[in-house]
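Grab a coffee and open the viewer. Here are a few exercises to work through, each with its solution spelled out step by step.

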Amino acid sequence: MGFNVPMGAWMRGPLRSMFEEYVLSKDALMGLEVNREVMRKHFEEHLSGTMDCSWGLWIFLSLAIWEDTHKGKALESNILFQ
């Protein structure tokens with residue numbers, strides 16, 4: 001059956017600073033504007049335990065990390081983001 005990933009705890013713990021660095025510090029992801037006020041609100045609700053937004057936050061974090069890692073390579077090879 002598998003196991004549950006403790007994403008909620010990870011977003012409050014070891015992934016917290018990564019989320020702040022990769023998502024909350026940016027105005028755009030993949031060329032799309034990010035409403036940092038709304039993003040921070042959901043992040044704060046998750047941190048306080050008011051809501052469990054962990055999987056939604058994870059999507060933005062993984063996208064931001066992917067973009068940071070691969071966007072420059074894709075631009076250099078002229079494959080994506082044309």
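A surface patch, as used here, is built from residues with over 30% relative accessible area and no salt bridge, and nonpolar side chains are joined into one patch within 5 Å. Keep in mind that you're looking at a predicted model.

**Exercise 1. Find which residues form a nonpolar patch on the surface, and say how much accessible area they have together.**

Step 1: Start from Trp10, which sits in helix 1 (residues 7-12). Its relative accessible area is 37%, so Trp10 is partly exposed.

Step 2: Now collect the partners. Trp10 is joined by Phe3, Val5 and Trp55 in the patch.

Step 3: Add up the surface: together these four side chains' residues offer about 470 Å² of accessible area.

**Exercise 2. Describe helix 3: its span, its ends and its buried residues.**

Step 1: Helix 3 covers residues 36-48, which makes 13 residues. From first C-alpha to last it reaches 18 Å, close to the 18 Å you'd expect at 1.5 Å a residue.

Step 2: Look at the N-terminal end. Asn35 acts as the cap here, with a side-chain oxygen 3.2 Å from the backbone nitrogen of Glu37.

Step 3: Go to the other end. Gly49 follows helix 3 and has a positive phi, near 90°.

Step 4: Check what's tucked away. Met39, Phe43, Glu45, His46 and Leu47 are the buried ones to mark in helix 3.

**Exercise 3. Search the whole structure for aromatic pairs and classify what you find.**

Step 1: The search turns up one pair. The ring centres of Phe19 and Phe43 are 4.5 Å apart and their planes make an angle of 25°, so this pair is stacked. The cut-off that decides it is that planes under 30 degrees apart count as stacked.

Step 2: Place the partners. Phe19 belongs to helix 2 (residues 16-24) and Phe43 to helix 3, so the pair ties together parts 24 residues apart in sequence.

Step 3: Check the burial: Phe19 and Phe43 are both buried.

**Exercise 4. Count the salt bridges, then work through the pairs Arg16 with Glu20, Arg40 with Glu44, and Lys26 with Glu67.**

Step 1: The count comes to five salt bridges.

Step 2: Take Arg16 and Glu20, whose side chains meet at 3.6 Å, N to O. Both lie in helix 2, four residues apart, or about one turn of the helix. Arg16 has 36% relative accessible area, so it's partly exposed, and Glu20 at 30% is partly exposed too.

Step 3: Arg40 and Glu44 form a salt bridge at 3.4 Å, N to O. These two are in helix 3, again four residues apart, about one turn. Arg40 counts as partly exposed at 37%, and Glu44 is partly exposed at 37% as well.

Step 4: Lys26 and Glu67 bridge at 3.9 Å, N to O. Lys26 is in the loop between helix 2 and strand 1 (28-29) while Glu67 is in helix 4, so the pair ties together parts 41 residues apart in sequence.

Step 5: Buried means under 20% relative accessible area. Lys26, at 19%, therefore counts as buried, and Glu67 is buried at 8%.

**Exercise 5. Is Ser54 buried or exposed, and which side chain does its own side chain contact?**

Step 1: Ser54 lies in helix 4 (residues 54-77). Its relative accessibility is 1%, so Ser54 counts as buried.

Step 2: The partner is Asp52: the two side chains make a polar contact at 2.7 Å.

Definitions and conventions. Residues are numbered from 1 along each chain as its sequence is written. This is a predicted model: local features need pLDDT of at least 70, side-chain atom pairs count only at pLDDT 80 or more; totals for chains, interfaces and linings use all residues. Side-chain values use heavy atoms; hydrogens and water are left out. The expected span of a helix is 1.5 Å times one less than its number of residues. Buried means under 20% relative accessible area, exposed over 50%, partly exposed in between (1.4 Å probe, protein chains only). A polar contact is a pair of N or O atoms within 3.5 Å; within protein, one must be able to donate a hydrogen and the other to accept it, and residues adjacent in sequence count only if both atoms are side-chain atoms. Patches are made of residues with over 30% relative accessible area and no salt bridge: like charges are joined within 9 Å, nonpolar side chains (Val, Leu, Ile, Met, Phe, Trp, Tyr) within 5 Å. Accessible areas come from the Shrake-Rupley method with a 1.4 Å probe; for residues, only the protein chains shown count as cover. Rings of Phe, Tyr and Trp (its six-membered ring) pair if their centres lie within 6.5 Å; planes under 30 degrees apart count as stacked, over 60 as edge-to-face and the rest as tilted.
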